[in-house]
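User: I would like to learn how to read the packing of a protein model. Please take one feature at a time.

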Amino acid sequence: MTARRERIKFQGFGGTELAGKVELPAGPIRGAAVFAHCFTCSSDVAAAARISVALAEAGIAVMRFDFTGLGASDGDFADTNFSTNVADLVAASAFMCDRYEAPGLLIGHSLGGAAVLAAAPEVDSVKAVVTIGAPAEPSHVENLLSGGIEALQADGEATVDIGGRPFQLKAQLLDDLRRRTIDQCVANLGAALLVMHSPVDNIVGVENAAQIYQVARHPKSFIALDGADHLLSKRRDSDFAASMIRAWVERYLDEAQQPSSTSGEGVVVSETGQGKFLNQVVAGRHRLLMDEPVSVGGYDAGPNPYELLAAALGGCTSMTMRMYAEHKKIPLERAEVEVRHATTHCEDCETSASGSTPKMDEWTRVLHLTGDLTDEQRAGLVRIADRCPVHLTLERSSRVVTEVSDGKTTA
């Protein structure tokens, strides 16, 4: 299922306009998340983008945004600190709730991990929190400022090199980092916690993960990002993190509201409210999507109606041959059915009232049969394929009865 992206702007701490992106599922939204990036990074850092897209493909709408003064967001970075980052996160969660869905998941990378731990108790909808390479204390950031701490303390403001880039900082950042502690936040998190950390992280040591995990209450989990660097710069590492988050968060997601039949029977198809054509199909306890291609205005998030009909014919054919092979002890190893659909002119049919040549639907099946089969056995499988119930239904004339919700019936 292909994710889609929307660019957004919202008011952060102090009314500053912040910029971000929301990765949206092609189908129904099953849950929502907010992603907090690392210190001095932006929402476009590769790991944040890859993890957000992967979660959107699993049905989770993910918002990632630039903190005040970073990336495309307004404001002066020198006026920010850990507390303003937490306030920006709370504002982002409120925007997500108003615009899309209340976030049940917060994800934070590096200092963003410490920020989501501090913000989670302030966001009522949060049920799960994920930290990636997070420091146990915000003051850990001082290790990145070793060349500028003296100047900050002496002058109250200084230009500090962080990761090869100059940043104008004020002494209030140090004061705030030193004053904030997340131990109490972790202890009273009130949400499930997944701690992810690389054992070879040389920016934020893995002992930070141990401290966070020890303070946290259950339910809590730890996943080692073996061999990964702090920024998860290798695709395989960010992809692994994304797959683990997808699997872990499943138990904390509320299932999207499912349509139900008033009779409890049959198949229910309903619009999702997203896109022009996207529909959700409910067949018993099974769920799937039906859509149209992008070329006609759909999201291509699922097969179109005729492809589903072709699948029904192919599936019924394969199942019928399998039942026959089991009954007749035929060594059929594998059956594969390729189905193509076309509308062709029917020269032999009765002409329509307009006098034009009528058309009919033509379904072409190609049977791929694997196994040590004799010619007689193969012929028997072909014969029984023509007796599959869906095949017979398509060849018979059908009658569709339409009922409306008030009980009136139209034949």
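Analyst: Start with the nonpolar core: a set of buried Ala, Val, Leu, Ile, Met, Phe, Trp, Tyr and Cys residues joined through side-chain atoms within 4.5 Å. Keep in mind that this model is predicted.

User: What is the general idea, and how many residues does the largest nonpolar core have here?

Analyst: In soluble globular proteins, nonpolar side chains tend to be buried together. In this structure the largest nonpolar core has 47 residues, and F10, M63, F65, L89 and V129 are those with the most contacts inside it. Take V129: beyond four places in sequence, its contacts include L105, L106, V116, L117, L189 and W248. Another core, of 28 residues, lies apart from the largest one; A48, I107, V130 and I245 are among its members.

User: What share of the protein chain counts as buried?

Analyst: Of its 411 residues, 45% count as buried. The accessible surface is about 21200 Å², with 49% of that belonging to carbon and sulfur atoms. The chain has 11 helices and 17 strands.

User: How do I read a pair of packed helices, and at what angle do α2 and α3 cross?

Analyst: Two packed helices are described by the angle between their axes and the distance between the axes. Here helix α2 (residues 82–99) and helix α3 (residues 111–119) have axes that come within 9 Å and cross at roughly 65 degrees. The crossing is right-handed. On the α2 side the contact is made by F82, N85, V86, L89 and V90, and on the α3 side by L111, A114, A115, V116, A118 and A119. By type, these residues are 10 nonpolar, one polar and no charged. L89 of α2 also ranks among the residues with the most contacts inside the largest core.

User: Now single residues. Why does A241 count as buried, and V390 as partly exposed?

Analyst: The cut-off decides: buried means under 20% relative accessible area, exposed over 50%, and partly exposed in between. A241 has a relative accessible area of 0%, so it is buried. V390 is at 23%, and therefore counts as partly exposed.

User: Where do these two residues sit, and what do they touch?

Analyst: A241 is in helix α8 (residues 235–249). Neighbours within four places aside, A241 is in contact with I51, M196, L225 and L232. Its C-alpha atom is separated by 9.9 Å from that of A54, 187 residues apart along the chain. V390 lies in helix α11 (residues 389–395) and, with the same neighbours left out, touches A312, L313 and C316. V390 and T317 are 73 residues apart in sequence but 7.8 Å apart in space, C-alpha to C-alpha.

Key:
Residues are numbered from 1 along each chain as its sequence is written. This is a predicted model: local features need pLDDT of at least 70, side-chain atom pairs count only at pLDDT 80 or more; totals for chains, interfaces and linings use all residues. Side-chain values use heavy atoms; hydrogens and water are left out. Buried means under 20% relative accessible area, exposed over 50%, partly exposed in between (1.4 Å probe, protein chains only). Contact means heavy atoms within 4.5 Å. Helices (H or I, at least four residues) and strands (E, at least two) are DSSP runs, numbered from the N terminus. Accessible areas come from the Shrake-Rupley method with a 1.4 Å probe; for residues, only the protein chains shown count as cover. Axes are lines fitted to C-alpha atoms, for helices over the stretch in contact, and angles run from 0 to 180 degrees between N-to-C directions. A crossing is left-handed if the near helix is turned anticlockwise from the far one by less than a right angle, and right-handed if clockwise. Ala, Val, Leu, Ile, Met, Phe, Trp, Tyr, Cys and Pro count as nonpolar, Asp, Glu, Lys and Arg as charged, and the others, Gly among them, as polar.
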